[in-house]
Amino acid sequence: MDPKSKIMKLSEHDLIESIQTGNISICVIGIGRIGLPTALSFANSGLSTIGVDINPKLVEMINSKIFPLKDEPGYDVIFDEVINHNFHASTKIQDVVPNSDVIVLSLPTPMDDNNVPDYSALLSVGKQLGELLTKDSLVIIESTVEPGFIENDLINIIENSEKKLVAGKDFAIGVCPETANPGQIMNDFEKLPRLVGAIDDHTANVIMKIYKHVFTVDLIPMPNCKTANAVKLTTNVFRDINIAFVNELAILFEKVGIDIMTVLEAAKSKYNFQVHYAGPGVGGPCLPVNSYQMINLAKKMGFDTLKSVETGRIINESMPDHVIDLLHDAFDESKKSLENSNVLILGISYKPDVKDIQITPAEVIIKKLKNLKANIFIYDPYFKSTNVFDLQTESNLIEALEKSDALILVTAHKEFHNLDPIFLKSKMKNAIVIDSKCIINQQAAKNSGLVYRGLGRGKI
Ligand SMILES: NC(=O)c1ccc[n+]([C@@H]2O[C@H](COP(=O)([O-])OP(=O)(O)OC[C@H]3O[C@@H](n4cnc5c(N)ncnc54)[C@H](O)[C@@H]3O)[C@@H](O)[C@H]2O)c1
């Protein structure tokens, strides 16, 4: 059987016909948070798709028809429709790649303990592709990488295998950086324009045809891979720096007695102000990593520093300390000691309404509290009765409140938006509340008798 269509050699007419009749085969390598919805979208568009992952448990789960991303609405339905029809998962990259026309890479690109970008998954798969790619196949990288990585590193490693494949001649390569937001991936896949960059115009055209069929969103052609990757990084680094800006203002305004939320709400009325919100830090697999990717690029280019980005990182990484300062202040007001007290962390996800704790500021806050000898409890609707950060999480919010002297609201999950100060006061032992996302009404908190500190809010 040769399911391959030699996609890069098809005429425009045959390419479109092959796509519309589902006559090209796709493999998505890395079927995690982004790769699985991507693979499901390909399958849902009628293209025969296989997801490849090194995690055998994940592959087994998927092939047993268990959908692993419970917090991605909409994809559960698609999963049920396509699983074991034109989609399944595999751990065997060596079987799948040679039979695929299009190889999409959605591999992780984290950073190491020294904040240096870690491209080892892409490089390891790149090495395998050098042995496994067959002539005229197409590789598309969706992972977030720094500009130049595809041209200088990935293509090199693919070409330097025994097969001595040459990019642009034996195989085609391009990028379509992923920009979706966890928790709303379906919405973003249906609405967000996507960037397409490639090694040459023909490759870009083939990618555009496929993605237009699968995603139906606007596609923005980029002159090459590195520009597309630069756009992706620029949008996220912009957010990281702007959050640092409001975080710094938040700390200043606390001292002056100005409420950052009141300022931001009013500032939004100015047409060219784009609002960002203060908080306990910036986490997740994207923003912090993308800033360090940009810094890494600058270093490679001989820059000593990338001042705005590095300063932003310093500010955002200092926010857990500020949260602890607020807690100390509240304990001082209560004339109680933080040591040996019970502190409840409300929300550990790095952002609201998703089950994801990658680089979450909650972890840093918890580590600092442990050093201060506080007893820590965690309640998060996405992590009930499980072990996280070496702690057993709570399953019941009321029971968790009843044993707590203080709480720190870290993640503004929907479930926490209607927390009533009177209710908190009636349940908690000491009723200290640190609201790092300013979602509790400060006046109501004061009236209820809570010892309340809001990040970016002066005392009232
Ligand atoms: N999660 C996000 O919010 C988000 C948004 C946009 C872009 N991105 C980017 O998308 C990429 C993927 O991120 P993610 O959040 O989906 O990561 P993830 O960790 O959820 O998924 C990655 C998957 O790749 C698998 N994997 C790792 N090494 C492998 C290998 N050698 N061979 C096969 N499979 C392997 C892992 O087992 C995992 O299932 C990253 O570059 C990330 O920066 C992520």
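**Notes on a predicted model: loops, cores and a ligand site**

1. Let me start with V410, which, setting aside neighbours within four places in sequence, is in contact with P280, I345, L346, G347, A362, I365, S436 and K437. This is a predicted model, so please read each contact with that in mind. V410 sits in the loop between strand 13 (406-409) and helix 16 (421-427). Its relative accessible area is 4%, so V410 counts as buried. You may also like the pairing with V323: the two residues are 87 apart in sequence, yet their C-alpha atoms are 9.2 Å apart in space.

2. S436, one of the contacts of V410, is worth a look of its own. S436 belongs to the loop between strand 14 (432-435) and helix 17 (442-448). With 2% relative accessibility, S436 is buried too. A polar atom of the S436 side chain lies 2.7 Å from the backbone oxygen of L409. Beyond four places in sequence, S436 touches A278, G279, P280, V323, L409, V410 and L455.

3. Now for the nonpolar cores. The largest has 49 residues, and the members that touch the most others are I7, F42, L138, I210 and Y211. Helix 9 (residues 201-215) is its top contributor, giving seven residues. A second core, separate from that one, holds 35 residues, including A278, F383, A406 and I432. As background, nonpolar side chains in soluble globular proteins tend to be buried together.

4. Which residues does I7 touch, not counting those up to four places away in sequence? The partners are L15, I24, D101, V102, D136, L138, V206 and I210. Two of these, L138 and I210, are also listed with I7 among the core members that touch the most others.

5. Helix 2 (residues 35-44) deserves a comment. Nine of its 10 residues are buried, so the helix is largely enclosed by the rest of the structure. The buried set is G35, L36, P37, T38, A39, L40, S41, F42 and A43. F42 also appears among the best-connected members of the largest core, those that touch the most other members. Just after the helix, G46 adopts a positive phi of about 100°.

6. Within helix 2, have a look at T38. Its relative accessibility is 0%, so T38 counts as buried. The T38 side chain reaches the backbone oxygen of I34 at 2.7 Å. Contacts of T38 outside its neighbours within four places in sequence are E142, E178, F189 and F215.

7. Finally, the ligand. What surrounds the ligand, by residue class? The shell has 12 nonpolar, seven polar and four charged residues. Of the 23 residues around the ligand, R33, I34, D53, T109 and T144 come nearest. I34 is the residue whose backbone oxygen the T38 side chain reaches.

8. Three polar approaches to the ligand would be good ones to inspect. A polar side-chain atom of T109 is 2.6 Å from a ligand oxygen. A polar backbone atom of R33 lies 3.0 Å from an oxygen atom of the ligand, and a backbone N or O atom of L107 is 3.3 Å from a ligand oxygen. On its own the ligand exposes 830 Å², and the protein buries 87% of that area.

Notes: Residues numbered from 1 in each chain as written. Predicted model: local features only at pLDDT ≥ 70, side-chain atom pairs only at ≥ 80, totals over all residues. Heavy atoms only, no water. Core = buried A, V, L, I, M, F, W, Y, C linked by side-chain atoms within 4.5 Å. Buried < 20%, exposed > 50% of the residue type's maximum accessible area, 1.4 Å probe, protein only. Helix = DSSP H or I, 4+ residues; strand = E, 2+ residues; numbered from the N terminus. Contact = heavy atoms within 4.5 Å. Near = heavy atom within 4 Å. Polar contact = N/O pair within 3.5 Å; in protein donor to acceptor, adjacent residues only side chain to side chain. Areas by Shrake-Rupley, 256 points an atom, 1.4 Å probe, with all protein chains shown as cover. Nonpolar A, V, L, I, M, F, W, Y, C, P; charged D, E, K, R; others polar.
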